[in-house]
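Biologist: I would like a close look at a single part of this protein, described step by step and with its surroundings kept in view. Here is the structure I have in mind.

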Amino acid sequence: MVACCGLTASHDPRIETYLSRTGYSGGGGTNVAEIAKTLFNMTFSTLDEEQRQKVITTQELSQTWENKHHLVPPAVYSRRCTKETLDLSPHLPLPCNECLTVYKSRAFKNAIRRQKPSAKNYIHTNHRFRPKVLGEIYALSVGTKELIEEQSKKSPFVRYALGVLQGKYDDKVFEGLTKAMLIRNEKEENGIGLQNFKYSPAYDEFMNIMRITSPSAYRVLREWFPARTSESFR
Ligand SMILES: [Zn+2]
C-alpha cells in the first residue's frame, strides 16, 4: 500500500484549473440556503452577521472534500479518504475509493466544470471564499506585502505602478522616462552605466526634439534625466 495521491491533474486536468481558481479550503456538502432554512427558517440573505457565520461554519463542516493547494502536485482529498491505496507502480497510483467517490459526485463535477474567471472577475470574488489569513501569509512570503497593505495604496508610486499594470495610462514618453530612471538606478547599484541601454522610442524621440530645439537646454536636461549623448544621435 502507498499513501493515497488524492485527485490531481493527472487524474483530470480540470482539477488543476479548479484549484487555481478557488481559494476555498474544500467543497461539497449542504448548500448555505438549505442550512439557513434548517437552522433559522430564513433565507441566507436575510440573516444577521452572527447567524451567517453559524451557517458558514455548518456548511464548512458538511463539506465532502478538502482542497490541498500546498501539496505538489496540488490535490483534492475526500474528507473520508482512507489515506492508503494500492501500489500500482510503475503506473500512477489510483486515488482511494473514497476520493474516487468524490470525483464521481455531481457536486464535484459541477465544481470542476466551471471555467477559470478572468483576472478582473477575481476582484469581485465573494469575500467568504477568500481566506484572509492565508492571503496575508502568502503576501508576506512573496514580498508583495508592501503593495497590498492599505497604507501603501496611498503612495503615488504604488498607484502609478498599478495603473501601468492595468493599462490605465497612455503616456509613452513618461513611461520611457520611468523605465530609464529605474534601469539607471539598478545599473548604478551594480556599478555599471547605461551603455547600450535601449531607450523606448517615444522617449528617445522626445529627447531628440529637445536636443534639436535647444542644445544647451538638452545638456542641462541630461544632467537630471537619463538620455543619450548629443553625438550618438548623429
Ligand atoms: Zn483518498
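In what order do the three strands of the open sheet stand, and with what pairing? Please take the sheet as the centre of the account and then place it within the protein.

Modeller: The model is a predicted one, and what follows should be read with that in mind. The open sheet has three strands in the order β2-β3-β4, and the pairing is antiparallel. Strands β2 (26-27) and β4 (75-78) stand at the edges, and because each has a single partner strand, one side of each is left without a neighbour in the sheet.

Taking the pairing of β3 and β4 in closer detail, strand β3 covers residues 65-68 and is joined to β4 by four bridges, the two strands running antiparallel. Within this pairing, Asn-67 has Val-76 of β4 as its bridge partner.

At the other edge, strand β2 includes Gly-27, which counts as buried because its relative accessibility is 9%, where the cut-off for a buried residue is under 20%. If neighbours within four places in sequence are left aside, Gly-27 is in contact with Gln-63, Thr-64 and Trp-65, and the last of these, Trp-65, falls within the residue range of β3. Gly-27 can also be set against Leu-61, for the two are 34 residues apart in sequence, while their C-alpha atoms are 9.9 Å apart in space.

The sheet also has a helix lying across its strands: helix α1, made of residues 14-21, lies across β2, β3 and β4, and runs at about 95° to β4.

Turning from the sheet to the surface, Met-1, Leu-86, Leu-88 and Leu-94 make a nonpolar patch of about 410 Å². One of these residues, Leu-94, is found in the loop between β5 (84-85) and α4 (97-104), and Leu-94 counts as partly exposed because its relative accessibility is 44%, a value between the limits of 20% for buried and 50% for exposed.

As for the setting of this part, the protein has twelve helices and five strands, and 27% of its 234 residues count as buried. Among contacts between residues at least 6 apart in sequence, 57% join residues at least 24 apart. The accessible surface of the protein comes to about 16600 Å², and carbon and sulfur atoms account for 59% of that area.

Conventions:
Residues are numbered from 1 along each chain as its sequence is written. This is a predicted model: local features need pLDDT of at least 70, side-chain atom pairs count only at pLDDT 80 or more; totals for chains, interfaces and linings use all residues. Side-chain values use heavy atoms; hydrogens and water are left out. Two strands pair if DSSP finds at least two bridges between them. Contact means heavy atoms within 4.5 Å. Axes are lines fitted to C-alpha atoms, for helices over the stretch in contact, and angles run from 0 to 180 degrees between N-to-C directions. Patches are made of residues with over 30% relative accessible area and no salt bridge: like charges are joined within 9 Å, nonpolar side chains (Val, Leu, Ile, Met, Phe, Trp, Tyr) within 5 Å. Accessible areas come from the Shrake-Rupley method with a 1.4 Å probe; for residues, only the protein chains shown count as cover. A salt bridge is a side-chain nitrogen of Lys or Arg within 4 Å of a carboxyl oxygen of Asp or Glu. Buried means under 20% relative accessible area, exposed over 50%, partly exposed in between (1.4 Å probe, protein chains only).
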